Amino acid sequence: MPAPDSPWSEIVPGLWMGGHEYTGRSGELEFAVVRDEFDLVLTLLRLPGHGPDEGVEHHVWPIPDGPLDGTQLAGVMRLARTAGEALDEDRRVLVRCYHGYNRSGLVIAHTLIGAGHTADEAIRLIRSRRSPWALHNELFVEYLQTGLATARLLEELAE
């Protein structure tokens, strides 16, 4: 279980959000390295040396912090479904990107929507638990409010 002063924020029981770097107690930038605190780690930007430990289930789906194509949106939806299934099994899940605000927020919000929250409820919850800066990428907010399946269809039609 992550320590109380960990670089990761628990959004709902068992579902954590974070990045690869954070400002430590000293005010200096520190690396957030995952060991075995989680049962499942979903990574949207992979950096060497940031874990998780061997034996921890780890899914990597690199996406930009910008416009996503249909394939990238499908991957986000798949990761959110994987997170939801893991939560149903009482597993500890970390979703992470570089700073832990936008890409991870997109996956977590879609996970929460799958659990019955509205897009706006999911966004408010993430911002209250992680940071007011979470999901400051307005395009990602639009994707969530439109629905990722619809956004994916629209992106594929535009290609």
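This is a short talk on the helix packing, a few single residues and the salt bridges of one structure.

The model is a predicted one. I will start with helix 2, then go to its neighbours, and finish with the charged pairs.

Helix 2 covers residues 103-114. Two packed helices are described by the angle between their axes and the distance between the axes. For helix 2 and helix 4, the angle is about 15 degrees and the axes are 10 Å apart. An angle under 35 degrees counts as roughly parallel, and helix 2 and helix 4 are therefore roughly parallel to each other. Their crossing is right-handed.

Which residues meet between helix 2 and helix 4? On the helix 2 side they are R103, L106, A109, H110 and I113. On the helix 4 side they are F140, Y143 and L144.

Next, helix 2 against helix 3. Here the packing angle is about 130 degrees, and the axes lie 9 Å apart. That makes helix 2 oblique to helix 3. The contact draws on G105, I108, A109, L112 and I113 from helix 2, and on A119, A122, L125 and I126 from helix 3. The crossing of helix 2 and helix 3 is right-handed. If you have the model open, look at A109 and I113: both are listed for the meeting with helix 4, and both are listed for the contact with helix 3.

Now some single residues, beginning with T111, which sits in helix 2. Is T111 buried or exposed? Its relative accessible area is 7%, so T111 is buried. Setting aside neighbours within four places in sequence, T111 has contacts with L15, A80, A83, G84 and L87. None of those five names came up in the helix contacts I have just read out, so please mark them on your own view.

A122 belongs to helix 3. With a relative accessible area of 0%, A122 is buried. Apart from neighbours within four places in sequence, A122 is in contact with A109, L112, I113 and H117. The C-alpha atoms of A122 and I11 are 9.6 Å from each other, while the two residues are 111 residues apart along the chain.

E142 is in helix 4. Its relative accessible area is 46%, and E142 is partly exposed. From the C-alpha atom of E142 to that of A119 the separation is 9.5 Å, with their positions 23 residues apart along the chain.

The next residue, S131, is in a loop. That loop runs between helix 3, residues 119-129, and helix 4, residues 138-146. S131 counts as buried because its relative accessibility is 9%, and the cut-off for buried is under 20%. What does the side chain of S131 reach? It reaches the backbone nitrogen of W133, at 3.0 Å. Leaving out neighbours within four places in sequence, S131 is in contact with Y101 and I126. I126 is also among the helix 3 residues in the contact with helix 2.

That leaves the salt bridges. How many does the structure hold? There are 4 salt bridges, and I will go through some of them.

R91 and E57 form one, through their side chains, at 2.8 Å from N to O. This pair links distant parts of the chain, 34 residues apart. R91 is in the loop between helix 1, residues 70-88, and strand 7, residues 93-96. E57 is in strand 6, residues 57-60. R91 is partly exposed, with a relative accessible area of 22%. E57 is also partly exposed, at 33%.

R91 has a salt bridge with E89 as well, at 4.0 Å from N to O. E89 counts as exposed, with 53% relative accessibility.

A further salt bridge joins R152 and E156, whose closest N and O atoms are 3.2 Å apart. Both residues are in helix 5, residues 148-158. They are 4 residues apart, so about one helical turn separates them. R152 is partly exposed, with a relative accessible area of 31%, and E156 is partly exposed at 35%. Elsewhere, salt bridges that share partners join E57, E89 and R91 into one network.

To recap: helix 2 is roughly parallel to helix 4 and oblique to helix 3. T111 and A122 are buried, and so is S131 in its loop. That is the end of the talk.

Notes. Residues numbered from 1 in each chain as written. Predicted model: local features only at pLDDT ≥ 70, side-chain atom pairs only at ≥ 80, totals over all residues. Heavy atoms only, no water. Helix = DSSP H or I, 4+ residues; strand = E, 2+ residues; numbered from the N terminus. Buried < 20%, exposed > 50% of the residue type's maximum accessible area, 1.4 Å probe, protein only. Polar contact = N/O pair within 3.5 Å; in protein donor to acceptor, adjacent residues only side chain to side chain. Contact = heavy atoms within 4.5 Å. Axes fitted to C-alpha atoms, helices over the stretch in contact; angles between N-to-C directions. Parallel < 35°, antiparallel > 145°, perpendicular 65-115°, else oblique. Left-handed = near helix turned anticlockwise from the far one by under 90°.
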